[in-house]
Amino acid sequence: VIVDGDVPRVFGYALLTALATGLGALPFAFVRDLSPRAMATANAIAAGLMLGASIGLLEEGERVSAGATFVGALLGVGFVLLTQHLLGGREPEFGALRGADARRVLLVLVVMTVHSFAEGVAVGVSFGGGGALAAAITVAIAVHNIPEGVAISAVLRAQGASLVACAGWSILSSLPQPLMAVPAFLFVQRFSALLPYGLGFAAGAMVFLVLEELLPEAYAHERATRIALVTGLTATAMLLFQRTI
Amino acid sequence: MLLPAAMITPRPLDLLLLSGAAVAAAGLGAALGAGRRLTPALVGWAGASAAGLMLGVAYALVSASLAGSPFASAGGAALAVLLLHAAHAGTGDAARATTAPSARAAVRASAIHSAAEGLAVGAAVALGPAFGIVLALTLIVHNVSEAAVLGAALRDEGRSPSAAAVAAALARAGQVVLAVATLAVVVAQPAALPWALGAGFGGLLYLLFAELLPDSYQAVGRTGIALVVSLAAGIVALLGGGARGGMP
């Protein structure tokens, strides 16, 4: 049973996912740019891990209430859509940011930061499903954060930022994760009947992010069959990981 | 823990009817595609809904499978992904719809596709008729849109709608064979059921990532597709969970 005393652990796990974003700066210690195909493969791996993690969340929620989990998933999808709506049509400009001024770099960071709120909620509510599920979700989101860190670092590096600055800004963009994880965890602990809604919310948001962001970006630079191979195998590995840890 | 053998009830007639209906749906879709009655956007939306339905079914399959044996389930899934990838390597990405495939390549891709679906239907029917019906209905919807693309390729080579329908149905014949074979195997050897369910999951997942989603994204765009796929998957996961009701 997970209790309030686990708050530091929840914060620590979510902080790890934020720190993982900083790993995205590492490749730029060796190369100036990563090939689009390498980024596509990284996105495919992240998509598979997040999909596998979402299946774990849905199963956990379904054990309590399938209907509530479904409603929660719809809310999660709605949350991501609302976030994107509030951000307007600015996200598609991401690819044109190379060589842009600092204001546009800041916009990238804002976009990344806002969408990491949902990921923080996912880590927090996953603790309601037990330590193994929480560990699995943490790993999935941490791995997913690395390509995001790469994307941020690519933009900043092109502006002449140092590696430390790239890593620092990347981590900063994911700080909503530990900040959101603790309130989400405490919320579902206080109102345990809301747990399936929370689990569904996290799963819905993650599946939507996979479908709306990761996969289209992966398909843009790599053959679909290779994306399918990588995503299928990593999703399977994630499911096995969740069942055996 | 393996799934109890008592849960596996042979339903050969159900299976033949369901997989036969899926084959007939492919014939209908090909005739529609060859008759120029579907716009690319409509095919894209249909593909997205089919992808969502398949994702939901894949979820239901893997949930049932993992409850039996996680290692067998993962083994079956990985095997299916690898085999389908090897099969696709033979046909090449040229078999994909939006790249204007040759009719022969499209028929070959359709045959590979139907094999994975047949395996999934056979495993689902082995679990119970209700679950099998949910899966088969999903595949019927999916087959219409997929075969419409095949029909369009056949039309470009001068085939009539009726000839396209026959070709699509023949390409899908493997679905019936695989479904019956899968049911026969799991009835004879219940320990194979988690493998079959896992393979069904892996196969469906691979096909929707390799074929359905890329084509749909190109035809419609990412946000609409993500929304439709998420909703359809959620609905099927909800229904599929109810349909497989008594599963451990």
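Contact means heavy atoms within 4.5 Å. That cut-off applies to the residue counts and partner lists in the legends below, which describe a predicted model.

**Figure 1. Chain A and chain B meet across an interface of 35 residues from chain A and 39 residues from chain B.** About 3,200 Å² is buried between the two chains. Carbon and sulfur atoms give 77% of that area. Three residues of chain A stand out: F70(A), L211(A) and T225(A). Together they supply 18% of the area that chain A buries against chain B, more than any other three residues. For the complex, the predictor gives an ipTM of 0.83 and a pTM of 0.79.

**Figure 2. A salt bridge links E217(A) and R222(B).** The closest N and O atoms of the pair are 3.7 Å apart. The count of salt bridges between chain A and chain B is 1.

**Figure 3. The largest nonpolar core has 113 residues.** The residues with the most contacts inside this core are L215(A), L61(B), F201(B), F209(B) and L213(B). Helix 8 of chain A, residues 195-219, contributes the largest share, 16 residues. A second, separate core has 9 residues. A26(B), L150(B), L154(B) and A164(B) are among them.

**Figure 4. L213(B) has contacts in both chains.** Neighbours within four places in sequence are left aside here. From chain A, the partners of L213(B) are L211(A), L215(A) and Y219(A). From chain B, they are A51(B), L208(B), I225(B) and V229(B). One of these partners, L211(A), is also among the three residues that supply 18% of the area chain A buries against chain B. Another, L215(A), is listed with L213(B) among the residues with the most contacts inside the largest nonpolar core.

**Figure 5. P196(A) is a buried residue of helix 8 of chain A.** Its relative accessibility is 2%, so P196(A) counts as buried. Beyond four places in sequence, P196(A) touches G61(A), V64(A), S65(A), A68(A) and T69(A). A73(A) is 123 residues away along the chain. The C-alpha atoms of P196(A) and A73(A) are nevertheless separated by 9.4 Å.

**Figure 6. Helix 6 of chain A, residues 163-173, has buried residues C166(A), S170(A) and S173(A).** They cover an arc of only 60° around the axis, so they lie on the same side of helix 6 of chain A. What is the relative accessibility of S170(A)? It is 0%, and S170(A) therefore counts as buried. Residues up to four places away in sequence not counted, S170(A) touches T21(A), G22(A), G149(A), I152(A) and S153(A).

**Figure 7. A78(B), in helix 3 of chain B, is in contact with chain A.** Helix 3 of chain B covers residues 70-91. The relative accessible area of A78(B) is 22%. Buried means under 20%, so A78(B) is partly exposed. With neighbours within four places in sequence left aside, the contacts of A78(B) are L233(A) and T236(A). A64(B) is 14 residues from A78(B) along the chain. The C-alpha atoms of these two residues are separated by 16 Å.

**Figure 8. Chain A has 9 helices and 0 strands.** Its elements run α-α-α-α-α-α-α-α-α from the N terminus on. Chain A has 245 residues, of which 55% count as buried. Take the contacts in chain A with a separation of 6 or more: residues 24 or more positions apart account for 85%.

**Figure 9. Chain B has 9 helices and 0 strands.** From the N terminus on, the order in chain B is α-α-α-α-α-α-α-α-α. Buried residues make up 56% of its 248 residues. Among contacts in chain B between residues at least 6 apart in sequence, 89% join residues at least 24 apart.

**Figure 10. Two stretches of chain B have pLDDT below 50.** Chain B averages a pLDDT of 79, and 84% of the residues score at least 70. Over residues 1-8 of chain B, pLDDT stays under 50. The model has 26 contacts beyond four places in sequence for this stretch. Residues 94-100 of chain B are also below 50. That second stretch has 16 contacts in the model beyond near neighbours in sequence. Where pLDDT is low, predicted coordinates should not be read in detail.

Definitions and conventions
Residues numbered from 1 in each chain as written. Chains lettered and ligands numbered in written order. Predicted model: local features only at pLDDT ≥ 70, side-chain atom pairs only at ≥ 80, totals over all residues. Heavy atoms only, no water. Core = buried A, V, L, I, M, F, W, Y, C linked by side-chain atoms within 4.5 Å. Buried < 20%, exposed > 50% of the residue type's maximum accessible area, 1.4 Å probe, protein only. Helix = DSSP H or I, 4+ residues; strand = E, 2+ residues; numbered from the N terminus. Arc of directions from axis to C-beta. pLDDT = per-residue confidence, 0-100. Buried area = accessible area lost by both parts, 1.4 Å probe. Salt bridge = Lys/Arg side-chain N within 4 Å of Asp/Glu carboxyl O.
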